[in-house]
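Open the model in your viewer and keep the sequence panel visible. The stops below are given in the order in which to select them.

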Amino acid sequence: MKCRFIKKRLSAYLDGELPEEEGKRISDHLKFCPRCAAEVQELQGVWDLLGTWERVEPTPFLWEKVRKRVAEKPSPVPFWEGLIDRYVVPAAVTAVLIVGLVIGIHFGNRLYSTAFESRVLESPEVEFVNVLGLGTLDDIPEGSLGETLLALTQTNQQ
Ligand SMILES: [Zn+2]
């Protein structure tokens, strides 16, 4: 058996986990190999030391204290998450509304002023035709339905 293989099996050997025959071959090797023997002694020392350690059981008082603390503490909400809910979302909604209002006012004013400026004061008949949007019928050929309609609206005005 090679030392490298023995070293890999030493822990199992010390725990008595190896089959009887393999354990015997290792103990035979340890009798004439000082390096492996030193290794097994060192490992045994660590094993012995670990064996002296006692498992420390927490007192019932400590367990109760820990259990209480865990139950008392609400799951913490990150600081920034609260800020987002409380301030950022309403601020964003308000900003969108304000921008929408400003854009609406701007375009409304432009539309209104353009319509107002282009308006020329005309006779009440023409105003009425313009209001109904019949001004576009002016260029309609004679004898058409549009002309008849235009004539009718003008007749009613008089
Ligand atoms: Zn060896």
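Start by selecting residues 3-15, which form helix H1. Helices here are DSSP runs of H or I with at least four residues, strands are runs of E with at least two, and both are numbered from the N terminus. H1 has 13 residues and covers 19 Å from its first C-alpha to its last, close to the 18 Å expected at 1.5 Å a residue; the expected span is 1.5 Å times one less than the number of residues.

This is a predicted model, in which local features need pLDDT of at least 70 and side-chain atom pairs count only at pLDDT 80 or more, while totals for chains, interfaces and linings use all residues. Residues are numbered from 1 along each chain as its sequence is written.

Stay on H1 and centre on arginine 9, where the helix bends by about 50 degrees. The bend is the angle between axes fitted to the seven residues ending at a residue and the seven starting there. Move on to glycine 16, just after H1, which takes a positive phi of about 70 degrees.

Now add residues 20-32, helix H2. Two packed helices are described by the angle between their axes and the distance between the axes. The axes of H1 and H2 come within 11 Å and cross at roughly 115 degrees. Axes are lines fitted to C-alpha atoms, for helices over the stretch in contact, and angles run from 0 to 180 degrees between N-to-C directions.

Which residues make the contact of H1 with H2? Show Ile6, Arg9 and Tyr13 on H1, and Gly23, Ile26 and His29 on H2. Residues are in contact if their C-beta atoms, placed from the backbone, lie within 7 Å.

Next, select serine 27, also in H2. Is serine 27 buried or exposed? Serine 27 is exposed, because 11 other C-beta atoms lie within 10 Å; a residue is exposed at 12 or fewer, buried at 20 or more, and partly exposed in between, with C-beta atoms placed from the backbone. Serine 27 and alanine 37 are 10 residues apart in sequence and 9.0 Å apart in space, C-alpha to C-alpha.

Jump to threonine 155 in helix H7, residues 145-157. Threonine 155 is exposed, with 8 other C-beta atoms within 10 Å. Add glutamate 125: the pair is 30 residues apart in sequence and 9.8 Å apart in space, C-alpha to C-alpha.

Finally, show the whole chain, with its seven helices and zero strands. Buried residues make up 3% of its 158 residues.

Conventions:
Two residues are in contact if their C-beta atoms, placed from the backbone, lie within 7 Å.
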